[in-house]
Amino acid sequence: MSSPLSPAAIDAMRARTPGVRSTTHFNHAGASLPSAATLEAIQAHLLREASMGPMEAGAAAREQTERARTLAARLLNAQPVEIALTTGNSAGWGAAFAALGPWLAGQRILVARHEWGGNLATMRLLAQRAGASIETIPSDASGRVDPRALEAMLDDRVRLIALTWLPANGGLINPAAAIGQIARRHGIAYFIDAAQAVGQLPIDVVEVGCDVLAGAGRKALRGPRGTGLLYVRRDFLPRLMPAFVDTHSAPLDAEGDPILRDDAARFESSEASLALHCGLANALEEALDIGIDNIRAQIDRTAQTLREQLAALPGVSVLDQGVERSGLVSFNVAGLDAMSVRHTLAAQGIAIGSNGVAYTPFDMTSRGLTQIARASVSYLTTGAEVDKLLAGIRTLAR
Ligand SMILES: Cc1ncc(COP(=O)(O)O)c(C=O)c1O
C-alpha cells in the first residue's frame, strides 16, 4: 500500500539534507538535493583513493561500487546484468541508439511529440542523415501519446519507437506500458527516456515492455551529477554493438580478438568515477528504503496542491497536460518571460527551471509555446516552501 509520507518522516529526511537550509528548491527536475549520507559516500571513496591510491581503492571498494548496479536493477525490476552505469541520461540513451548500427533510407523512427531534444538531435545526426525518417505519433485530447494512433502508423519499415515517459516541459505522464504492448506485439525496438521517471514513478521494465530505458541519477533519485542508469533487456543486447569499446567492455583474448561483454556493461568504460558510483548507490538505497510508491504518492500530493494554488493566481496559467501528472509543474506568468520569472525568484532564494523550445521542440511547437517556467517538487518539499514560491509568483503576477 502506498501512502504519502508523514510530516515527521519528511522533517527527518530534510534534517539529513544540507541543501534545504540554504535554498528553496523547486528544480528537482533539473537536479535534486543529495542527502548528507550520499555526500559522505562520495567523500569517503575520494579519501580512500587519496590514501590507498585510486586503483587500489577501486579494487578494495568493488563490492560497494557495484551496489549501484544491483540496486538499480532492483529499482527497475531488472537483472544486474541488464544495467550499465553511465554518466547521465543522454550518455546512456545515445550509446544505445548508436549501437543499433547503420540506418537505411526509408527506415522509420516513431517518436511521441514529447521526445527530449538531445535524443532527437542524436536521431537526426545518425539516422535522418542516412535517409531514415523521424515521425511524430499523434497525441490524444489530453496531450498524451495515443497508442491507437501509433498502431495505425506501423508497417515493416518502422525500426524504432522512442518515448520520453515524463516530458521535461510539464507534468504529463505518457502511457509507457500501453506503447510497450504494441511494440512487443509487432516486434519493434522500444526505447524509453526515463530521465524524469526514475526515482519518481514505480518502474517495472518487464511490465513496461521496453528494450532500452535510460535514467538520470541526479534528478528524482537525488544521486550525484554525472551519474545515470541504462537498462538493456537481456535478449535485446546481442542487437547492440557499442560505437566504441575499451579494455573493460571488450577485452582482447590471447589471439588479440576483442571479446565483447555479454552484459549491459558493454556500455561502460574501464575509467569511471567510483566515488560517484558510491554516491549513487547510497541515493538508490535511500529511495528504495522510502519506497517508490510512497515517493510517488507524496510528490503527487504536493504537485497537485501547487498546481491548484498556482492556477488560482491571477495572471498565471498552468500548462500541464495529461491525465496522471508528475512532480513537474509548468506555468507562465502573463507579460513575463519564463527566464525572467526564474531570475526574479532566484534573487529571493527560490530555484525553479525555465525551458525554451529546444528541449521538447515538437511538443512546444505543436502547442504554440516558446517558453515555460517549471517548478518541480520532491518528496522533501514542504507546505511552507510551496507557500513561499506562491508568494513570490503572486508578487510577480501583479
Ligand atoms: C526527459 C529528459 N531526457 C533527457 C534529459 C537529459 O539528461 P542528461 O543531462 O542526464 O543527459 C533530461 C534533462 O533534463 C530530461 O528531462
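Here is a short conversation about the ligand site and a few residues of this predicted model.

Trainee: Hello! What should I know before I start?

Mentor: Welcome! This is a predicted model in which local features need pLDDT of at least 70 and side-chain atom pairs count only at pLDDT 80 or more, while totals for chains, interfaces and linings use all residues. Residues are numbered from 1 along each chain as its sequence is written, and side-chain values use heavy atoms, with hydrogens and water left out.

Trainee: How do the residues of the shell around the ligand divide into nonpolar, polar and charged?

Mentor: The residues around the ligand, meaning those with a heavy atom within 4 Å of it, include W116, T164 and D193. Ala, Val, Leu, Ile, Met, Phe, Trp, Tyr, Cys and Pro count as nonpolar, Asp, Glu, Lys and Arg as charged, and the others, Gly among them, as polar. The shell is therefore four nonpolar, five polar and three charged.

Trainee: How much of the accessible area that the ligand has on its own does the protein cover?

Mentor: Let's begin with polar contacts, which are pairs of N or O atoms within 3.5 Å; within protein, one must be able to donate a hydrogen and the other to accept it, and residues adjacent in sequence count only if both atoms are side-chain atoms. An oxygen atom of the ligand is 2.6 Å from an N or O atom in the side chain of S90, and for the side chain of R218 the distance from a ligand oxygen to an N or O atom is 2.8 Å. Of the ligand's 400 Å² (Shrake-Rupley method, 1.4 Å probe; for residues, only the protein chains shown count as cover), the protein covers 87%.

Trainee: Is R222 buried or exposed?

Mentor: R222 lies in the loop between β7 (212–216) and β8, where strands (E, at least two residues) and helices (H or I, at least four) are DSSP runs numbered from the N terminus. Its phi is near 65°, a positive value in a residue other than glycine. Buried means under 20% relative accessible area, exposed over 50%, and partly exposed in between (1.4 Å probe, protein chains only). Because its relative accessibility is 4%, R222 counts as buried.

Trainee: And is E271 buried or exposed?

Mentor: E271 is found in the loop between β8 (228–232) and α10 (274–290). Since its relative accessible area is 62%, E271 is exposed.

Trainee: Which residue has a positive phi of about 55°?

Mentor: Look in the loop between α4 (62–76) and β2 (83–86). The residue there is partly exposed, with a relative accessible area of 40%. Although not a glycine, the residue with this positive phi is N77.
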